[in-house]
There are 2 protein chains.
Amino acid sequence: MAKRPHVVIVGAGFGGLAAVRALRGVDVDVTIVDRNNYHLFQPLLYQVASGLLDPSAISSPVRTIVRRSRNVDVLRAEVTGVDLTQRRVITSAETLDYDYLVIASGSVTDYFGNEDARQRSTGLKDLSEALALRSRLLTCFETASLTADADARKRLLTFAVVGAGPTGVEYSGAVAELIKHVLPKDYRRIDFTEVSVVLIEAGSRILATFAPRLSRLAARSLQRKGVRIILGQSVSGVDDAGLVLANGERIETNTVVWTAGVRATTPLAFPLESLARSERVKVTSQLHLIDHPEVFVIGDASALDQDGAVLPMLAPVAIQGGNYVGRLIAGRLKGEEIPPFHYHDKGTMATVGRGAAVAQIGPIHINGLIGWFIWIFVHLLYLVGFRNRALALWSWAWNYFFWDRPVRLIIAPSSDRAL
Amino acid sequence: MAKRPHVVIVGAGFGGLAAVRALRGVDVDVTIVDRNNYHLFQPLLYQVASGLLDPSAISSPVRTIVRRSRNVDVLRAEVTGVDLTQRRVITSAETLDYDYLVIASGSVTDYFGNEDARQRSTGLKDLSEALALRSRLLTCFETASLTADADARKRLLTFAVVGAGPTGVEYSGAVAELIKHVLPKDYRRIDFTEVSVVLIEAGSRILATFAPRLSRLAARSLQRKGVRIILGQSVSGVDDAGLVLANGERIETNTVVWTAGVRATTPLAFPLESLARSERVKVTSQLHLIDHPEVFVIGDASALDQDGAVLPMLAPVAIQGGNYVGRLIAGRLKGEEIPPFHYHDKGTMATVGRGAAVAQIGPIHINGLIGWFIWIFVHLLYLVGFRNRALALWSWAWNYFFWDRPVRLIIAPSSDRAL
């Protein structure tokens, strides 16, 4: 019996898992590699950071997700390089030979070369960061309630969010609600007029990828919650006492959350000048490298022009890309021709807090409670498994009815020396 | 208006919170100090360590719990000392003057002076340890699935639990079930006959505080799950490759969980020889220091003889002690005499796995499914808040019906340099 073609998939995000699904039952062996043992539902990470959801509600073990695909093996390892000539993936655990390679390694926070920003602010891209932010925010309140010095207290109670894309908007809205509705009951010593959330955006409006009207509605909604929005200002420096804007204004704060941008990350050692914007890898309309039809790059990691614009770094693009590549590989094995990839934009959405979201589905713009219900429906659809859906729905209902963020725990990293 | 008496409570465990509750509405100011911002329901910690419950299901923010007691302030700080003469509590944050002091600082893992054991094993007394154990167990399986060397693999797949009190028994039962029912579906490369759980007890039977018949039933139940029980052997050494028993037998393992004992921990600087067994502080029948009627020590931290035996280190003793001290302080303010403390033993119980528990309520000994239902009822009763009760009940039902441990996440400590 001939050896079956080996498909190696790098990354168990939306794209990688969609590729696994599309290869189910296909006559190949699949190995999916991820540094974590879980798939993370990144769009809800801000709800972990703001104390609404437990990590386990937005993450599921990769092995459990792919359990029913008999042709799939899971490797928990860091991918350190790819040898395109020898067709090998080098990982921290073992080296994998491949016949087909699917790179779905996503993106990381982009500090745009600002080393101070990288060292002194927190991104919001993985569970560790979300949990660290949750602890940090609560620790600031604990420390502030003991701080007599007014300046130091103000720094502790000012929370700066840099970048008003969906993550920055959703996180600042969630934090503003936590501060407005939950924490005053817990911290009676604190004067809440001293607390502020500042959202800083270099562009001219928040949620720039949405229609201007929805941006305005979202901005008004955030402002009603007490978020100060600064537009048209980039951050020129971050230091231990706060940040400085391009116009020279200083914002004194101990907490800077950096959601100003992301850049692709792949194990391919391409020179920077060969990459597209945000360091994304250029691919053909069949999502493979120009010189390597057996190497596919999908999702945030790749850049594809469609109808004159590069596809956005969004979960649906990754899912459709993964699904396409899976079908393409299956087709090639059978000698079938598959037409080029075409992304179907089913719409985008962002929550701006309890019971309010903006959604844009083609020409239809939706706002407020109806937007929120659509948001809930879509997110439940994409969460993995019944348990996580039930837990998320329960938590959202809990928040809606009790205005509560119950997961307010400061958990120190393990003191276990044996680990 | 005269200043109201200040009651400082050290520790927000079962005892400290019971004292707060008993002092509600009493004409005193209360400050409760804890190093964590949450109350931890320690009896269920093993369910976090074995991937069944999220941390937030067994912990609640202290500030939220005491929210409705208007006379209570919360201080998140480490208590570093007590000045009994000046009536002051020294903490990492500020120094507190007291009129009454309630020390409810509980206990820590006791390694009996075995420094190797302390450095190379993990206790199961706080959330960090439980989360670290969860990660470690799963990491052992991930690593083992990549390990060709049979000896190394066996070490990775052997889990040793030292001490067969309730914590050791409950944890090893939960781990055995995880290994038997859940992990084989995820780790298809691993030969599960190589996996073993070893429970080591220095005494002649497990659950020594229970009736011999219940010990036997629990042991049989663990053995059916595949737990190897070693009785009458203490651990004489722990090294990087395993542990050595008193009889010279070596158990090769990378994971040693130490539940062999606990000792009291208090900020009182008493010499060791003045303390009772397990370093517990001796108190009068009114739970105060002999020379200081204004300083109370309750729960695990104190030792009180009753009917010829010292009261056990159990949650109900702490709860009844806290409640008693609260009422005693209230009584003193009104000049009322309160009779000495008397502990009412309502029974003890331990789960040995899904759908099975042993319970001992006075002369009544219960076992199996009925024991488990009683166990569920009692634990729901003592968990704090509707949300945690609902989450715990949901998780137990989930485990019961699906034989699942859904929280199988390996989360690295934060990579956030800014924290």
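Contact is defined here as heavy atoms within 4.5 Å. The model is predicted, with local features requiring pLDDT of at least 70 and side-chain atom pairs counting only at pLDDT 80 or more, whereas totals for chains, interfaces and linings use all residues. Residues are numbered from 1 along each chain as its sequence is written, chains are lettered from A and ligands numbered from 1 in the order in which they are written, and side-chain values use heavy atoms, with hydrogens and water left out.

In the model, 60 residues of chain A are in contact with 60 residues of chain B. Of the interface residues of chain A, 100% are also interface residues in chain B, so the copies meet through the same surface. Chain A is superposed on chain B by a rotation of 180 degrees with 0.0 Å of shift along its axis (RMSD 0.0 Å), the fit being by least squares on the C-alpha atoms of residues with pLDDT of at least 70 in both. The two copies are therefore related as by a two-fold rotation axis.

About 5500 Å² is buried between chain A and chain B, 51% of it on carbon and sulfur atoms; buried area is the accessible area (1.4 Å probe) that two parts lose on being put together, summed over both. Ten salt bridges are found across the interface of chain A and chain B, a salt bridge being a side-chain nitrogen of Lys or Arg within 4 Å of a carboxyl oxygen of Asp or Glu. Asp186(B) and Arg67(A) form a salt bridge through their side chains (3.0 Å, N to O).
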